[in-house]
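Colleague: Got a minute? I'd like to go through this model with you.

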Amino acid sequence: MLLLSFWVLGIALIVAQTTLLQFFPLWTGRPDFVFILVAFTGYRFAWIPGITLAFALGWVMDVVTGIHLGFYPLLCLLTFTALKVLTSNSPVKESTYQIPLVGGSYYLVQMFFYFVYSLILPEELPEWSWSETTQRTALIVISAVPLFLLFNSLFEYVQKRRMRSKPPRRRQRESL
Amino acid sequence: MRKKPKNRVRSSFFATLRISLLISVLFVVGLLLLGSMFGGTFGTPHQLTLDFMGPLQSTVTRAATGVMAFKNDYVELWNVRAENKRLQGLVDKYLTELGEYREGYSSYLHLEQLLEFKEKQDFNPLVARVVGKEPAYWYQTIVVDRGKSDDVLEGMIALAPGGVVGQVIHTAENYCKILLANAPSSAIDAMIQKNRIRGILKGAGEKGYVLHYVQKNVDVSVGDHIVTAGIGGVFPAGISLGTVSVVHKKRRGMFQEIEVSPGVDFQKLEYVFIDPTDRKKILRDMVPSTER
């Protein structure tokens, strides 16, 4: 249920990102909603649903926008794995660090993929721009605040529903 | 105590599963990446995904386009409204200007006509501006801004490019009153220009004139010009009075009744020319009458 809800939300975000955001003027920027969602899954999801969701969304995004297939799922999986490893049993998991960490991971992922691209497909790369990367990162950080609120709300709502739908006996046993 | 090993076994199993899933997914992604880079294939899963996403994107894009179009139309509507207001203001301004220009042009044409008329006259007419009108039926009069100070005397005639206007009946120092030729109390010796048949042209108010005392056997038709006959010494001969509009030939009586439409539009009079040439004669006529 949780996976399906977030998958539907992810699809909606991809659709919004690839359609609605294109109507906005360039100066408003176009944040990567999917990246923010993948980062969120890194914080809140378990390994198996997280990997599944990250891969599924990366796949769809790749199909919809990618030129060289595979890059976006790879980006999603790497982001998810990195954040998952970093936040597991660590104080970094606290909500205070979540948003800055999204920005930081985005910045690093950008640099990493630029590096990878420069090795594999150097002729297709635009010139690296620190200012542009910083702007995009800032946009991700700004957009992450309301989106994290939304994701958290949905996550908690689905969790509560799941808890309610569980039989009382089992719940009792679990609480014990 | 027995449960712990079970838990450990379970957790190690899940950890292995996680790692193997991650590795297998990464392997698939790697394969995809390599395949797309070197083979460039867009396989069935990709196609299915795109076919799944396409309608969603299409729907959202259409909806967004509709919303944007509506928004743009709405914004345009605001602009159009503002533009409309601006243009309406301009239209009003230009219409006012156009009215002024038309009036100016009309005045120009009128003045040109007056000048032409003035130049044609063998006398030196006195131009007078109409400052007042008396619309009453029985007293068809106008007031002009010339009076005794301009040597205007009672009995002088007033003309316009269209013909006879009337006769000065009252004078003040700076203004005088003219009895219009179409006043019911006015009677002018007139003649039909084409056959020189004479009659008396009487004023009929707004209807113009009626020409009396023209015999039935006289050939008169609509459109014939009526001019002053020059009898009586008030109006010189040959000044236009108007044209025949209707001819009534009654069974009884020996005369026909001829309606004449004035050559001068009395409603639109702005300037008149007062003829001063007969002034001495009028004065001469006035002397015996005063002596009497």
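Colleague: How many helices and strands are there in chain A?
Modeller: Chain A has seven helices and zero strands. Helices (H or I, at least four residues) and strands (E, at least two) are DSSP runs, numbered from the N terminus. This is a predicted model: local features need pLDDT of at least 70, side-chain atom pairs count only at pLDDT 80 or more, and totals for chains, interfaces and linings use all residues. Residues are numbered from 1 along each chain as its sequence is written, while chains are lettered from A and ligands numbered from 1 in the order in which they are written.

Colleague: OK, the contact with chain B. How many residues does the contact take from each chain?
Modeller: 22 residues from chain A and 20 residues from chain B. Two residues are in contact if their C-beta atoms, placed from the backbone, lie within 7 Å.

Colleague: Which element gives the largest share on the chain A side?
Modeller: α3(A), with eight residues. The elements giving two or more residues there are α1 (2-18), α3 (47-65) and α4 (71-87) of chain A.

Colleague: Switching topic. At what angle do α3(A) and α4(A) pack?
Modeller: About 155°, with their axes 7 Å apart. Axes are lines fitted to C-alpha atoms, for helices over the stretch in contact, and angles run from 0 to 180 degrees between N-to-C directions. So α3(A) is roughly antiparallel (over 145 degrees) to α4(A).

Colleague: Which residues make that contact?
Modeller: Among them are Trp47(A), Phe55(A) and Trp59(A) of α3(A), and Phe71(A), Leu75(A) and Phe80(A) of α4(A).

Notes
Parallel < 35°, antiparallel > 145°, perpendicular 65-115°, else oblique.
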